[in-house]
Amino acid sequence: MSTFTHVVLVLLLILAGSIWAGGYVVIAVVAMAARRSLQPAARVEFFRALGRSYLRVGGPALALALTSGLVLLLQRGWNWHAWVALGLAVALVASLVIAVYQARHMSRLRRRLVVSPGDAQLETIVRVGGRSAAMLRGVLGVLSLGLLVLGTLIASL
């Protein structure tokens with residue numbers, strides 16, 4: 001691989017990884033502000049729009065980061081670091097697919113709850129689903145951070 005190609009791949013990896021991780025942090029900050037300032041119905045619509053918008057930006061950024069990282073790893077050769085990175089990447093993508101499905105499901109449930117605010121059974125389902133969503137976001141964050149740390153370690157070896 002030429003030096004120019006290597007530099008371009010590293011630049012793409014850094015930019016795409018920054019967009020993915022930075023967007024993830026921004027969404028967490030926005031979520032805290034939205035909980036304090038928006039009514040439930042407005043919050044449901046806001047997060048539905050935010051999730052779809054971020055997926056259009058964050059999804060390709062994650063794909064670009066993983067692809068450029070994989071190409072760089074292939075140039076180094078496979079060792080246990082590479083296998084761990086691949087495992088984390090697969091787990092991250094699988095978790096993201098589950099998270100998108102879960103977010104869409106929760107949006108539907110929350111819209112139903114806005115229409116039927118006194119439904120205790122639906123409130124319980126939404127509350128439990130919200131906890132599951134928070135745990136899933138935590139898993140995505142840990143996997144993303146793990147890949148960033150491992151990628152930094154691999155690059156420094």
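**Exercise 1. Confidence of the model**

Determine the mean pLDDT of the protein and state in which helices confidence is lowest and highest.

*Solution.*
Step 1. The structure is a predicted model, and the mean pLDDT of the protein is 88.
Step 2. A pLDDT of 70 or more is reached by 100% of the residues.
Step 3. Resolved by element, confidence is lowest in α4, where the mean is 87, and highest in α1, where the mean is 90.

**Exercise 2. Overall architecture**

Describe the secondary structure, the extent of the C-alpha trace, and the share of buried residues in the protein.

*Solution.*
Step 1. The protein contains four helices and zero strands; read along the sequence, the pattern is α-α-α-α.
Step 2. The C-alpha trace spans about 65 × 25 × 20 Å along its principal axes.
Step 3. Of the 157 residues, 27% are buried.
Step 4. When contacts between residues at least 6 apart in sequence are considered, 74% of them join residues at least 24 apart.

**Exercise 3. Packing of α1 against α4**

Classify the mutual orientation of helices α1 and α4 and give the residues through which they meet.

*Solution.*
Step 1. Helix α1 comprises residues 3-37 and helix α4 residues 120-156; their axes lie 10 Å apart, at an angle of about 150°.
Step 2. Angles over 145 degrees count as roughly antiparallel, and α1 and α4 are therefore roughly antiparallel to each other.
Step 3. The crossing of α1 past α4 is left-handed.
Step 4. On the α1 side the contact involves W20, A21, Y24 and R35, which meet R137, G138, L140, G141, S144 and L148 of α4.
Step 5. Sorted by class, the contact of α1 with α4 holds five nonpolar, three polar and two charged residues.

**Exercise 4. Packing of α3 against α4**

Carry out the corresponding analysis for α3 and α4, including the handedness of their crossing.

*Solution.*
Step 1. The axes of α3 and α4 are 9 Å apart and enclose an angle of about 155°.
Step 2. Helices α3 and α4 are therefore roughly antiparallel to each other.
Step 3. The crossing of α3 and α4 is left-handed.
Step 4. The contact of α3 with α4 has 24 nonpolar, eight polar and three charged residues.

**Exercise 5. Two serines**

Are S107 and S144 buried or exposed, and which residues does each one contact beyond four places in sequence?

*Solution.*
Step 1. S107 is located in helix α3, residues 80-115, whereas S144 belongs to helix α4.
Step 2. Buried means under 20% relative accessible area. S107 has a value of 17% and is therefore buried; S144, with 9%, is likewise buried.
Step 3. With residues up to four places away set aside, S107 touches V44 and R48.
Step 4. Under the corresponding exclusion, S144 is in contact with W20 and L92. W20 is among the α1 residues that meet α4.

**Exercise 6. Accessibility and separation**

Assign W83 and L11 to accessibility classes, and give the C-alpha separations of W83 from L73 and of L11 from L140.

*Solution.*
Step 1. W83 is placed in helix α3, and L11 in helix α1.
Step 2. The exposed class requires a relative accessible area over 50%. W83, at 54%, is therefore exposed, while L11, at 48%, is partly exposed.
Step 3. W83 and L73 are 10 residues apart along the chain, and their C-alpha atoms are separated by 9.8 Å.
Step 4. L11 and L140 are 129 residues apart in sequence, with a C-alpha to C-alpha distance of 23 Å.

Definitions and conventions: Residues are numbered from 1 along each chain as its sequence is written. This is a predicted model: local features need pLDDT of at least 70, side-chain atom pairs count only at pLDDT 80 or more; totals for chains, interfaces and linings use all residues. Side-chain values use heavy atoms; hydrogens and water are left out. Helices (H or I, at least four residues) and strands (E, at least two) are DSSP runs, numbered from the N terminus. Buried means under 20% relative accessible area, exposed over 50%, partly exposed in between (1.4 Å probe, protein chains only). Contact means heavy atoms within 4.5 Å. Axes are lines fitted to C-alpha atoms, for helices over the stretch in contact, and angles run from 0 to 180 degrees between N-to-C directions. Angles under 35 degrees count as roughly parallel, over 145 as roughly antiparallel, 65 to 115 as roughly perpendicular and the rest as oblique. A crossing is left-handed if the near helix is turned anticlockwise from the far one by less than a right angle, and right-handed if clockwise. Ala, Val, Leu, Ile, Met, Phe, Trp, Tyr, Cys and Pro count as nonpolar, Asp, Glu, Lys and Arg as charged, and the others, Gly among them, as polar. pLDDT is the predictor's confidence in each residue, from 0 to 100.
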